[in-house]
Amino acid sequence: MTPNPISVSFKLGDGREISIETGKMARQADGSVVVRMGNCMLLATVVANKEPKPGQSFFPLTVDYQEKFASAGRIPGSFFKREGRLNDYEILISRLIDRALRPLFPDDYLCEVQVLVTLISSDPEVMPDALACLAASAALAVSDVPIQEIISEVRVARINGEFVINPYRTQLKEADMDFIIAATSKNIMMVEGEANECNEADVLKAIEIAHQAIQVQVKIQEELRDKKGVAGKRAFVLPYLNPELEAKIAAFATEKIYNVSKAALSKHERGDAFSAIKAEYKTLPEVAEMAPEDAALIGRYFHDLEKKVIRNMMLDERVRLDGRALDQVRPLTMETDVLPSPHGSALFTRGETQSLTTVTLGTSDDELLAETAATSDYVKFILHYNFPPFSTGEAKPMRGVGRREVGHGNLAMRSLKKIFPKNDYPYTVRVVSDILESNGSSSMATVCAGSLALMDAGVPMPKHVSGVAMGLISGEEGKFAVLTDILGDEDHLGDMDFKVTGTRDGICGIQMDIKVDGLSHHVMTAALEQARKGRLHILDAMYENTPAYRSELKPHAPRIEQIIIERENIGAVIGPGGKIVQEIQRETGTTISIEEVNDKGVVKVFSSNKESIDKAMQWIKGIVAMPEVGETYEGTVKSVMPYGAFVEFLPGKQGLLHISEVSWKRLDTLDGVLKEGDKIKIKMVGTDPKTGKFRLSRKELMPKPEGYVEPALGEGGDRPERGDRGPRREGGGDRGPRREGGDRGPRREGGDRNDRGPRPERNDRPERAERPRQENNENAPAAATEEKPQTSAPKADDSDADMML
């Protein structure tokens with residue numbers, strides 16, 4: 001079958017073009033499209049089963065977003081060198097798509113649907129998460145899978161005071177607001193994002209601007225659907241219903257459910273009471289004779305009735321399940337430093353929701369590598385959220401971290417990160433929230449407990465961050481009720497649930513899911529204002545418990561000291577093959593990290609023992625220090641030679657302490673004066689002009705003997721007189737070049753040494769005339785030197801000979 005691609009395109013406000021194409025790739029799927037912006041290309045496919053599985057009672061929608069590393073010209077770094085299970089970043093994008101798509105399907109549609117969105121080409125400047133939901137919705141639009149409306153999703157960011165739709169990656173770094181918003185042409189469906197303490201009016205403005213951009217994208221999808229010739233959606237078998245049975249259950253249980261709802265019972269007591277009502281109904285004789293298909297509907301009708309009764313009670317009587325007023329926060333208790341060993345800890349309880357949160361301080365070696373196809377970044381602020389089954393009184397297998405846990409932890413992380421110290425803070429910080437009890441709003445309990453635990457750990461958080469979960473119930477004739485700090489049961493029966501985090505100065509994070517059409521601007525404004533009051537109430541309690549962060553780290557908490565060194569000194573600290581830095585770590589018991597930042601070396605020394613840190617810092621400073629002439633140092637004798645001793649006076653830096661500089665007294669040997677390992681104080685007196693080696697002196701630090709006279713040339717010892725040779729030529733005497741091999745004329749063949757004649761007596765030699773002093777001239781002829789007897793002392797190198805008397 002020959003491909004027959006169909007495409008449409010539109011432009012963003014700044015002229016950037018986005019195209020949507022179908023009919024070229026993945027044609028056997030029920031719907032498939034390729035969305036392109038720049039070099040970023042996303043393939044979205046949707047496939048739905050024709051019939052639901054037998055006994056299916058819920059809508060099985062699966063949404064997976066995955067990035068192919070080949071899209072950015074990279075090979076995955078895993079052992080198998082292939083893409084594996086979705087990482088946290090991909091899970092978060094999958095959740096953004098899922099939360100926007102799920103409300104589009106009919107309530108009674110139970111066929112399994114799978115939506116796959118794949119990044120097949122990456123653009124380093126284009127962020128694919130803002131296009132993923134557009135691709136998924138377009139794939140559904142060109143398919144016959146039954147959806148009620150078309151949606152889209154955009155990113156809106158405020159950069160330098162201006163709102164920008166789908167900004168480039170580099171632009172986003174300058175943003176103080178970053179929201180992902182999904183909507184139909186009429187209604188907002190989902191909001192998630194973060195901000196630098198913005199106000200509620202800013203949130204509403206961002207939603208308004210995003211909705212205008214989404215309306216354009218919905219129209220272009222409708223145009224693509226019409227070009228494709230999609231006539232309608234497939235028919236599906238409606239689940240069996242029995243209105244007569246529903247009416248009987250309502251007559252039997254409405255008042256009983258209302259009485260339980262009004263009794264302000266605890267979570268488990270209320271659940272047990274509702275279960276008792278259902279169990280009582282099942283004991284009726286008519287239920288025993290009921291057909292199996294009708295018996296399967298009892299649970300559904302009871303659930304629907306509970307939802308209806310509780311919603312009406314809240315709308316009409318302004319009373320909630322636990323007896324609170326609509327805007328009332330549950331009782332708060334909080335405690336810090338609850339665990340002795342962690343670096344920071346807090347226990348936060350709000351009603352029947354409880355979080356035990358710990359903080360651990362680490363080094364840059366503990367940073368988290370967060371990889372996507374286009375980026376590879378190290379993260380120094382990490383937050384993990386755990387939701388064990390006992391928190392809801394259930395027994396379930398622990399199968400690893402679920403998508404819900406990833407999403408809740410991400411919201412808390414983004415909220416706290418806005419107040420977390422910036423990049424100059426040397427620690428890597430890991431926050432772990434373990435939910436011990438849950439009855440709604442556990443992610444917001446994580447935010448509050450995390451803020452308290454960070455303060456307890458001594459992390460310099462300038463402000464507390466709190467969060468509150470809100471709910472909305474709407475009725476006929478514009479009637480609505482906004483609920484503060486919702487319970488788990490209230491979360492399921494509302495028309496909107498949203499979570500808002502922030503400080504006293506503004507919003508840091510928001511997550512909103514709207515399940516009702518036609519939510520007015522007035523209702524949204526009232527809901528956000530009530531959320532602000534609830535957030536401030538919780539913040540007041542947090543400040544009363546912990547006014548500020550701990551001024552000193554706990555005794556067992558690790559310390560980090562940092563030193564900035566020149567770039568060229570990085571290699572000296574590391575050493576060949578890491579020899580030096582490993583030695584420092586081994587000898588001091590510290591952990592050291594070195595990185596280059598802005599052409600400087602940043603060295604961080606990490607240990608829970610301050611003495612170890614001081615020792616390592618002193619070592620490092622010695623390595624990078626430049627010795628100064630005239631300065632006094634304490635050194636260690638490394639080796640002793642006949643002409644002096646080599647002394648290490650700074651780490652990795654040695655100099656020659658000549659025998660003449662050891663003492664004011666003339667020494668013939670250093671035996672009994674110095675030995676290897678001796679600690680001595682020396683003074684740096686200069687450097688060798690030829691080799692750059694350091695010249696040291698010990699006698700300069702000693703008092704000069706009274707009456708001491710500097711020895712004149714030739715008076716330094718008991719050497720035999722050599723006669724008057726005249727003034728010694730500078731530079732050792734320029735005697736001209738030596739003859740190659742000694743040109744002494746032809747040697748007599750087979751001659752006897754005695755045939756040379758008698759050797760003249762030494763006294764018969766002509767007396768030498770005094771030679772005039774010559775200037776150093778490389779072209780002058782060399783003079784013969786006297787032979788000197790060999791000694792048993794080791795031969796010194798050129799630089800050492802220059803320093804000998």
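Here is a short chat about how some strands and helices are arranged in this predicted model.

Colleague: Before we start, what kind of model is this, and how are residues numbered?

Modeller: It's a predicted model, where local features need pLDDT of at least 70, side-chain atom pairs count only at pLDDT 80 or more, and totals for chains, interfaces and linings use all residues. Side-chain values use heavy atoms, with hydrogens and water left out, and residues are numbered from 1 along each chain as its sequence is written.

Colleague: Which strands sit at the edges of the sheet that contains β3 and β4?

Modeller: Helices (H or I, at least four residues) and strands (E, at least two) are DSSP runs, numbered from the N terminus, and two strands pair if DSSP finds at least two bridges between them. This open sheet has 6 strands with mixed pairing, in the order β1-β2-β3-β4-β6-β5. The strands that pair on one side only are β1 (6-11) and β5 (61-67).

Colleague: What angle does helix α2 make with β4?

Modeller: Axes are lines fitted to C-alpha atoms, for helices over the stretch in contact, and angles run from 0 to 180 degrees between N-to-C directions. Contact means heavy atoms within 4.5 Å. Helix α2 (residues 129-141) packs on the sheet and touches β1, β2, β3, β4, β5 and β6, and its direction relative to β4 is about 40°.

Colleague: Which residue of β4 stands opposite Val-34?

Modeller: Strands β3 (residues 31-37) and β4 (residues 40-48) pair in the antiparallel sense over 7 bridges. Opposite Val-34 in β4 you'll find Leu-43.

Colleague: How many residues of β18 are buried?

Modeller: Buried means under 20% relative accessible area, exposed over 50%, and partly exposed in between (1.4 Å probe, protein chains only). In a regular strand the side chains alternate between the two faces of the sheet. Both faces of β18 are covered, with Met-470 among the buried residues on one side and Gly-471 among those on the other. For β18 (residues 466-474), the count is 9 of 9.

Colleague: And what is the bridge partner of Met-470 in β20?

Modeller: β18 is joined to β20 (residues 496-503) by 7 bridges, and the two run antiparallel. β18 also runs antiparallel to β19 (residues 480-484), with 5 bridges, and there Gly-471 is partnered by Leu-483. Back in β20, Met-470 is partnered by Phe-498.

Colleague: Are α15 and α16 roughly parallel or roughly antiparallel?

Modeller: The axes of α15 (residues 579-588) and α16 (residues 610-624) come within 9 Å and cross at roughly 155°. Angles under 35 degrees count as roughly parallel, over 145 as roughly antiparallel, 65 to 115 as roughly perpendicular and the rest as oblique. That is why α15, relative to α16, is roughly antiparallel.

Colleague: How do the residues where α6 meets α9 divide by class?

Modeller: The axes of α6 (residues 267-282) and α9 (residues 298-317) come within 11 Å and cross at roughly 135°. The contact includes Phe-274 and Lys-278 of α6, and Phe-302 and Glu-306 of α9. Ala, Val, Leu, Ile, Met, Phe, Trp, Tyr, Cys and Pro count as nonpolar, Asp, Glu, Lys and Arg as charged, and the others, Gly among them, as polar. The contact of α6 with α9 divides into 6 nonpolar, 1 polar and 3 charged.

Colleague: Which residue of β13 stands opposite Leu-347?

Modeller: An open sheet of 5 strands runs in the order β11-β12-β13-β17-β16. Within it, 7 bridges join β12 (residues 344-350) to β13 (residues 353-362), and these run antiparallel. Leu-347 faces Leu-356.
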